[in-house]
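Please work through the following exercises with the sequence and the structure at hand. Each task is followed by a solution in steps.

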There are 2 protein chains.
Amino acid sequence: MHPFDAAVALESVGEGTYAGRTSPSYNNMVGPFGGITAASFVRAIELHPDCQGTPVSLTVNFAGPVAEGDFEISARPVRTNRSNQHWYLELTQNGVVATTATAVFGSRRETWDNIEATVPDVPSPADTNQGGLPDAIAWAQNYEMRFVAGALSDQESADSTETLWIRDTPPRPMDFAALTSLSDVFYPRIFQRLGKYVPAGTISLTTHYFATPEDLEQHSDGYVLGTARARRFHQGYFDQTAELWTEGGILLATSHQMVYYKV
Amino acid sequence: MHPFDAAVALESVGEGTYAGRTSPSYNNMVGPFGGITAASFVRAIELHPDCQGTPVSLTVNFAGPVAEGDFEISARPVRTNRSNQHWYLELTQNGVVATTATAVFGSRRETWDNIEATVPDVPSPADTNQGGLPDAIAWAQNYEMRFVAGALSDQESADSTETLWIRDTPPRPMDFAALTSLSDVFYPRIFQRLGKYVPAGTISLTTHYFATPEDLEQHSDGYVLGTARARRFHQGYFDQTAELWTEGGILLATSHQMVYYKV
């Protein structure tokens with residue numbers, strides 16, 4: 001089993017209730033990587049017998065620390081329409097809510113179609129040196145990272161843009177859980193601006209999905225081009241917006257987060 | 001009373017439960033303007049006796065149509081921490097969920113601060129002609145709109161960018177409810193691309209707040225510069241990301257939505 005699948009594995013333990021366990025290989029500096037928690041919410045919905053469609057939007061609010069060990073996810077379909085479905089989810093440990101989420105799943109159909117955003121003009125993965133994040137960041141060791149811009153550094157930067165080629169290592173065919181996790185792989189933009197670590201943590205993560213199941217099947221285990229930047233750092237919160245592209249120039253998803261920081 | 005305040009007025013009818021009524025003057029083509037619904041959620045939290053801090057992030061999922069008439073909002077503080085608070089809310093009509101939301105409120109403090117995004121280079125409000133949306137769009141009549149780019153038109157456009165100066169008419173001092181409403185004032189980007197109306201509706205709206213209460217007090221009833229664009233239109237869903245700036249070049253908030261469309 002791929003470590004990612006082990007990390008997002010859930011067991012049904014009641015109506016809309018799923019038991020999971022944090023996976024040390026997807027830990028962040030403190031507690032699990034937010035992307036793996038977000039991915040676990042998607043997996044919970046996918047396992048729910050009433051699930052219809054695939055992800056359109058997911059918002060995960062990191063309400064408190066997730067301790068290493070067991071957790072439960074409750075997933076409730078709040079409303080099901082003909083073409084979309086709305087969910088509310090909570091991750092609890094010993095009855096205490098650590099994370100909440102809402103999700104919209106939907107069905108898709110052919111219609112007028114256009115990619116308006118511009119894919120960053122970058123060298124191919126083969127022409128980009130392999131990099132990574134320090135060993136202390138366990139989750140990052142499950143990703144092959146090739147930085148085009150914004151590799152972790154001790155230099156201040158006026159530009160918060162991080163752009164990298166990324167894929168699972170070992171490679172793994174893309175699915176919605178994995179795409180969700182990728183939407184949170186960008187280290188906090190404040191580190192890049194200041195050239196140093198400061199206390200920072202995602203408080204709210206929204207992922208918007210363009211990819212259909214067919215898009216993901218076609219992408220398979222290829223590289224994803226991720227790019228992220230911040231707009232404003234203000235009184236303890238900054239944002240970062242990210243785009244996730246295929247090597248062929250298809251925009252799979254975007255993500256938008258608010259991050260707590262302290263300098 | 002300003003029509004906006006009438007539209008977001010709520011009455012406490014039980015623990016964390018608030019009764020409201022849709023306001024015809026903030027109707028959209030069908031049902032209430034999404035921005036006013038989003039603003040009502042913010043108002044519900046502000047009215048809650050346990051409310052701490054001011055908005056950091058709000059995600060509103062439009063699960064079904066809101067009929068004209070009475071509604072109830074339930075607001076539950078899921079978790080309260082020292083510096084932030086996490087909410088889950090539902091808007092119901094006759095016991096049926098029409099809209100859900102999660103919110104993060106937080107306290108702010110002085111720290112390292114930077115606006116990295118660039119304010120659009122545009123003429124002043126005084127040098128921009130007054131425009132607007134058709135009379136059929138009731139809510140838009142409560143806003144003074146001066147379009148710099150992307151005024152509603154019957155011409156196709158390769159660029160989905162809408163940029164406008166906007167403020168309440170009559171003018172009204174800004175608060176978080178009003179800022180929330182502004183985060184949804186951009187008409188569906190698909191109309192601009194295709195130069196025509198097609199069925200379209202926001203399915204999920206996330207607003208990220210940078211503004212502090214002091215920022216809003218300083219801004220008062222000044223013009224806001226709003227700019228929005230889409231990245232991709234695909235199989236029935238497109239996104240739009242917006243920025244809301246003060247005339248002095250302060251980024252007050254951003255918003256990110258997924259919109260259903262049919263061509």
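**Exercise 1. Determine how many aromatic pairs the whole structure holds, and describe the pair of A:Phe233 and A:Tyr261.**

Step 1. Apply the criterion: rings of Phe, Tyr and Trp (its six-membered ring) pair if their centres lie within 6.5 Å; planes under 30 degrees apart count as stacked, over 60 as edge-to-face and the rest as tilted. Over all chains, the search gives 23 aromatic pairs.

Step 2. A:Phe233 and A:Tyr261 form an edge-to-face pair, with 6.3 Å from centre to centre and 90 degrees between the planes.

Step 3. A:Phe233 belongs to strand E12 (residues 232-234) of chain A and A:Tyr261 to strand E14 (residues 251-261) of chain A, so the pair ties together parts 28 residues apart in sequence. Strands (E, at least two residues) and helices (H or I, at least four) are DSSP runs, numbered from the N terminus.

Step 4. Buried means under 20% relative accessible area, exposed over 50%, and partly exposed in between (1.4 Å probe, protein chains only). A:Phe233 is buried because its relative accessibility is 0%, and A:Tyr261 is buried with a relative accessible area of 1%.

The model is predicted: local features need pLDDT of at least 70 and side-chain atom pairs count only at pLDDT 80 or more, while totals for chains, interfaces and linings use all residues. Residues are numbered from 1 along each chain as its sequence is written, chains are lettered from A and ligands numbered from 1 in the order in which they are written, and side-chain values use heavy atoms, with hydrogens and water left out.

**Exercise 2. State which parts of chain B are linked by the salt bridge of B:Asp5 and B:Arg172.**

Step 1. A salt bridge is a side-chain nitrogen of Lys or Arg within 4 Å of a carboxyl oxygen of Asp or Glu. In the bridge between B:Asp5 and B:Arg172, the closest N and O atoms are 2.8 Å apart.

Step 2. B:Asp5 lies in helix H1 (residues 3-7) of chain B, and B:Arg172 in the loop between strand E9 (162-168) and helix H3 (176-182) of chain B; this pair links distant parts of the chain, 167 residues apart.

Step 3. B:Asp5 is partly exposed, with a relative accessible area of 22%, whereas B:Arg172 is buried at 7% relative accessibility.

Step 4. In chain A, salt bridges with shared partners join A:Asp5, A:Arg43, A:Glu46, A:Arg172 and A:Asp175 into one network.
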